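Okay, thanks everyone. Let's put the structure up and walk through it together.

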Amino acid sequence: TVVHARFAAASVAAMPIRLHDVEAALVGHVLDATTIARAAEVARASVTPIDDVRSTAEYRTRVLGALVERFLGGIA
């Protein structure tokens, strides 16, 4: 069971942001495939990414969710 979590994202919005909703989706839950998928979904929904010359907002959203899944899957 997750007792403490801190997540932040950089290069998604104009400034680095803390992902409080992702943290809340994890704390108190067993770190299983369902919880990991939910955290990735919450991460995607909790950002308003920017479009710029380096990347599109859509790509940043997809990558953020994939990174959350990959990280949590690696420690589960």
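Before the helix, a quick definition: the expected span of a helix is 1.5 Å times one less than its number of residues. Helices (H or I, at least four residues) and strands (E, at least two) are DSSP runs, numbered from the N terminus. What you see is a predicted model, where local features need pLDDT of at least 70, side-chain atom pairs count only at pLDDT 80 or more, and totals for chains, interfaces and linings use all residues. Numbering starts from 1 along each chain as its sequence is written, and side-chain values use heavy atoms, with hydrogens and water left out.

So, H2, residues 33-45: its 13 residues should span 18 Å, and the end C-alpha atoms are indeed 18 Å apart. Which of its residues are buried (under 20% relative accessible area; exposed is over 50%, partly exposed in between, with a 1.4 Å probe and protein chains only)? They're Thr-35, Ile-36, Ala-39, Ala-40, Val-42 and Ala-43. Down the axis, these fall within an arc of 160° (taken from the directions from the helix axis to the C-beta atoms), so they line one face of H2. That face packs against H1 (20-26) and H3, contact being heavy atoms within 4.5 Å. On the other side, Ala-33, Thr-34 and Ala-45 are exposed.

Last stop, Ser-11. You'll find Ser-11 in the loop between E1 and strand E2 (17-18). Its phi is near 65°, a positive value in a residue other than glycine, and Ser-11 is exposed, with a relative accessible area of 56%.
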